[in-house]
Amino acid sequence: MPDFDRRTLMAGALAGAALSSTPALAQSFPLPKGFTRFPIWPGKAPGGEKVTVREVETLRRPDSGPDDGVFAHIVTPTLTMLRPEAVGAKPNGAAMLLLPGGGYSRVAIGHEGYAIARRFAQAGYVCFVLLYRLPADNWAAGPEAPLQDAQRALRVVRSLAAREKFDAGRVGVMGFSAGGHLAVWLTSRAPVESYRPVDAVDREPISAALAAYLYPVILMEGPFVHAGSRTQLLGPDPSPQRMRAYSLDQQVSDRTPPVFLAHALDDNAVPPENSLAMLAALRARGIASECHLFESGGHGFGLVPPPAAPAPWPDLFVNFAKRHGL
C-alpha cells in the first residue's frame with residue numbers, strides 16, 4: 001500500500017476513534033438533534049499541567065433557549081459535527097469548519113455554531129463547530145492555545161474526509177468576532193506549527209480551500225481595537241511589538257485562500273475598520289476577496305432575522321464559495 005494511503009487510513013481510524021468516544025464527554029445541555037460531538041486530541045489537550053479551571057456551559061442570555069449556550073474555561077476541545085443528511089439535504093462534497101466568537105473569554109457555540117451549522121448543512125456542507133481553549137486559562141501555550149486547537153481541528157476535519165465522503169481539498173473555515181481572529185490566524189498567516197505532532201492526523205496539512213471572516217477581530221493596536229479580546233489574548237498591558245505581532249492584517253501571506261468578509265457599519269464592539277484593514281491587506285497581496293458592509297446589524301448578528309441583522313449574507317457566502325470551488 002502506498003505510504004500516503006496508509007497514512008490517510010491511519011488518520012481516519014484515529015479520528016474515527018475520537019468520534020466513538022463522544023458519550024464520555026460531559027456537557028451541561030443536551031446536544032441539538034442531529035449533532036455529534038467528539039474530542040480533537042487523543043487524551044488531554046497539550047500544556048495543561050497548571051490548568052485548574054473547570055469547564056462550564058451556560059446560556060448566552062437569560063432568555064436564550066437550550067440551543068443557545070456558551071462555554072467558558074474549555075478544558076476538552078471538541079468538534080461538533082452536523083451532516084447534510086441530518087437536515088434533509090444532499091451533500092455537496094465539501095466541509096466547513098466553524099469558529100464561534102466570544103471575545104476569547106467564552107465560545108458562543110449555539111449562536112455562531114449550531115445555528116450556522118444548520119444553515120450551511122442545508123446548503124450541502126458537512127459542518128464542524130470547534131470548541132477551543134481560551135488564552136487566559138493558564139495553558140502553557142498562552143495566547144497560542146486557541147491556535148493549537150484550530151490547527152488540530154482543521155487536520156482532524158481533513159482526516160475525516162474519506163469517512164464522511166467529502167473532498168479534503170474542499171474544506172472552508174469560517175470565524176466570527178474573536179473566532180474570526182482565530183480563523184484569520186489559522187488560514188491567512190503562513191502556517192507555523194504551534195504544537196508537536198501527536199499522531200498520524202498531524203500529517204495532514206494546515207490548509208483550507210476558502211475562508212470567511214464575519215465581523216472579525218483583526219487589529220490589536222490603534223483606535224479600532226476590541227479591548228476585551230486583546231486583554232484576554234495578550235494581557236492588560238501588552239507591548240507595542242506584541243500588539244503588532246497579533247494584528248493579523250500584518251500577517252497575510254501568499255498562501256491565504258480566497259476570503260469572504262462581512263461586517264455591519266454600526267458595529268460598536270468590533271469596528272468595521274477591522275474588516276477594512278483586512279481587506280486592504282488581502283488586496284495588497286492579490287488575494288481573491290469579497291467584502292460586504294451592511295448599513296445595520298450591530299455586532300454578532302449571526303443569523304438573527306431582519307430588520308435586526310443583514311440576513312442575506314449566507315447566500316452571498318454560498319455564491320462566493322461556489323465561484324471558488326467550495
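Here is a short chat about the sheet, its helices, two unusual loop residues and the core of this predicted model.

Reader: Which strands sit at the edges of the open sheet of 8 strands?

Author: Let's walk along the order, which goes β1-β4-β6-β5-β7-β8-β9-β10 with mixed pairing. Neighbouring strands are turned by 15° against each other on average, ignoring direction. An edge strand pairs on one side only, and that picks out β1 (35-39) and β10 (289-294).

Reader: Moving inward, how many bridges join β5 to β7, and which residue stands opposite L97?

Author: β5 covers residues 95-99 and β7 covers 171-176, and the two run parallel. Strands of a sheet pair through backbone hydrogen bonds, either parallel or antiparallel. Here β5 and β7 are joined by 5 bridges, and the residue opposite L97 is V173.

Reader: What angle does helix α9 make with β10?

Author: Start with α5 (residues 178-187), which lies across β5, β7 and β8 (210-214) and runs at about 145° to β7. Helix α9 (residues 313-323) packs on the sheet too, touching β5, β7, β8, β9 (259-264) and β10. Its direction relative to that of β10 comes out at about 170°.

Reader: K165 and S177 both have positive phi without being glycines, so which is buried and which is exposed?

Author: K165 has a phi of about 65° and belongs to the loop between α4 (161-164) and β7. S177, with phi near 55°, is in the loop between β7 and α5. Exposed means over 50% relative accessible area and buried means under 20%. K165 has 68%, so K165 is exposed, while S177 has 6%, so the buried one is S177.

Reader: Which helix gives the largest share of the largest nonpolar core?

Author: In soluble globular proteins, nonpolar side chains tend to be buried together. This core has 97 residues, and L79, L97, F128, M174, W313 and F317 touch the most other members. The largest share is 7 residues, and the helix they come from is α3 (residues 145-159).

Reader: Which residues does F128 touch, leaving out those up to four places away in sequence?

Author: F128 is one of the core residues that touch the most other members. Its contacts include A95, M96, L97 and L98, and L97 is the residue that stands opposite V173 in β7. The complete list for F128 is F38, L79, T80, M81, A95, M96, L97, L98, V157, L160 and F166.

Conventions: Residues are numbered from 1 along each chain as its sequence is written. This is a predicted model: local features need pLDDT of at least 70, side-chain atom pairs count only at pLDDT 80 or more; totals for chains, interfaces and linings use all residues. Side-chain values use heavy atoms; hydrogens and water are left out. Two strands pair if DSSP finds at least two bridges between them. Helices (H or I, at least four residues) and strands (E, at least two) are DSSP runs, numbered from the N terminus. Axes are lines fitted to C-alpha atoms, for helices over the stretch in contact, and angles run from 0 to 180 degrees between N-to-C directions. Contact means heavy atoms within 4.5 Å. Buried means under 20% relative accessible area, exposed over 50%, partly exposed in between (1.4 Å probe, protein chains only). A nonpolar core is a set of buried Ala, Val, Leu, Ile, Met, Phe, Trp, Tyr and Cys residues joined through side-chain atoms within 4.5 Å.
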